[in-house]
Amino acid sequence: WFNTLCRFFDVPGFLLDIPFVWREEDQKRHVAYVTGQLREFIAFLERVTGRPFDWARLQEAVATLKRAATLRQEGMKLCRHKPSPASFFDWAISLGPVNFLAGWPGTAEYFQSLKDELEERIAQGVGAVPEESCRLLFDGIILWPKVGALADKFASLDACAIAGRYTHLGFYNEPERIDPEEPLQSIADFVVRSVLNRTPQWQARAAVQLCREYDLDGVAVHALHTCRPFDVAQHDIIETVSRELGLPVGVFEGDHGDVNYYSDAQVNTR
């Protein structure tokens, strides 16, 4: 696709190759490899734009990202409280600042405000679900056109989806690994260690850890139709969570963007 765009518009392109992590011992080598490519990308940008790269600005942006990601993780940990002050759906709609606005002014302030609100809700005994009786792992990308409908559906059953692979294992979920003094290495470390760049077995173990950390009672699996990289680990997750923790798992089909794949009747039944 991108080679075609380069030919069509007669513009240069740059390909960033990110090796898959099959073995944990390969991570350091992969990070060094991607860091080297990012340095080549900086040179590419300087040639295309005709101006020097602003390294100080990059370091500043990465420092802001680290603060925002740290506050976000601290807020997520607050959801170990019973009842949970926030749900998976809340964290899904809060992905914008740490994803599309990563490093921008106001990002850290957003998550500080969110964390403050969660602490206030805990102090007042307010939960994301008024009568929380069931705590769930939500596996799968959120159905963006159905965020409100699904949140209401879970809440009507006194069930709170608290954590998920999509929200809790991605988007700079290890802020302690971010070093503003080494911004390219920090970016390379993140993309190499990304949840979708790991084996299904690794993802299954991580899902089990989430279930234990948040003391969850079951798993709701959203099987997507158009994001196979996310779906590929779901069978391993279902088997591992069921075998090691004895948790029940419910599966429903859908898609994160196309509502034609979604059936409200199927979701109700499952």
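## A walk through the model, starting at Arg198

Select arginine 198 and tryptophan 202 to begin: the charged end of arginine 198 sits over the ring of tryptophan 202, 4.1 Å from its centre. Keep in mind along the way that this is a predicted model.

**Stay on arginine 198.** Add glutamate 24 to the selection, and you will find a salt bridge between the two side chains, 2.9 Å from N to O. This pair links distant parts of the chain, 174 residues apart: arginine 198 lies in the loop between H9 and helix H10 (200-213), and glutamate 24 in the loop between helix H1 (2-9) and H2. Is each partner buried or exposed? Arginine 198 is buried, with a relative accessible area of 3%, while glutamate 24 is partly exposed at 39%.

**Next, select helix H2, residues 27-49.** Its 23 residues reach 32 Å from the first C-alpha to the last, close to the 33 Å expected at 1.5 Å a residue. Show the side chains of its buried residues, among them His30, Val31, Val34, Leu38, Ile42 and Phe44. What covers the buried residues of H2? The cover includes helix H3 (55-77) and helix H9 (183-192). Just after H2, click on glycine 50, whose phi is positive, near 75°.

**Now follow the charges.** The whole structure holds 16 salt bridges. One of them joins the side chains of lysine 77 and glutamate 213, at 2.5 Å from N to O. Here too the pair links distant parts of the chain, with lysine 77 in helix H3 and glutamate 213 in helix H10, 136 residues apart. Lysine 77 is partly exposed, with a relative accessible area of 30%. Then select arginine 135 and glutamate 132, whose side chains meet in a salt bridge of 2.9 Å, N to O. Arginine 135 is buried at 3% relative accessible area. For a network, pick Arg23, Glu25, Asp26 and Arg29, which are joined by salt bridges that share partners.

**Finish with the rings.** There are 17 aromatic pairs in the structure. Try phenylalanine 88 and phenylalanine 89: their ring centres are 5.7 Å apart and their planes stand at 80°, so this pair is edge-to-face. Both phenylalanine 88 and phenylalanine 89 are buried. Another stop is tyrosine 110 with phenylalanine 111, where the centres are 5.0 Å apart and the planes at 90°, so this pair is edge-to-face. Tyrosine 110 is partly exposed, with a relative accessible area of 33%, whereas phenylalanine 111 is buried at 1%. To close the tour, select Phe88, Phe89, Phe138, Phe154 and Phe252 together, a cluster linked by ring pairs.

Definitions and conventions: Residues are numbered from 1 along each chain as its sequence is written. This is a predicted model: local features need pLDDT of at least 70, side-chain atom pairs count only at pLDDT 80 or more; totals for chains, interfaces and linings use all residues. Side-chain values use heavy atoms; hydrogens and water are left out. Rings of Phe, Tyr and Trp (its six-membered ring) pair if their centres lie within 6.5 Å; planes under 30 degrees apart count as stacked, over 60 as edge-to-face and the rest as tilted. Buried means under 20% relative accessible area, exposed over 50%, partly exposed in between (1.4 Å probe, protein chains only). A charge sits over a ring if NZ of Lys or CZ of Arg is within 6 Å of the ring centre and within 35 degrees of the ring normal. Helices (H or I, at least four residues) and strands (E, at least two) are DSSP runs, numbered from the N terminus. The expected span of a helix is 1.5 Å times one less than its number of residues. Contact means heavy atoms within 4.5 Å. A salt bridge is a side-chain nitrogen of Lys or Arg within 4 Å of a carboxyl oxygen of Asp or Glu.
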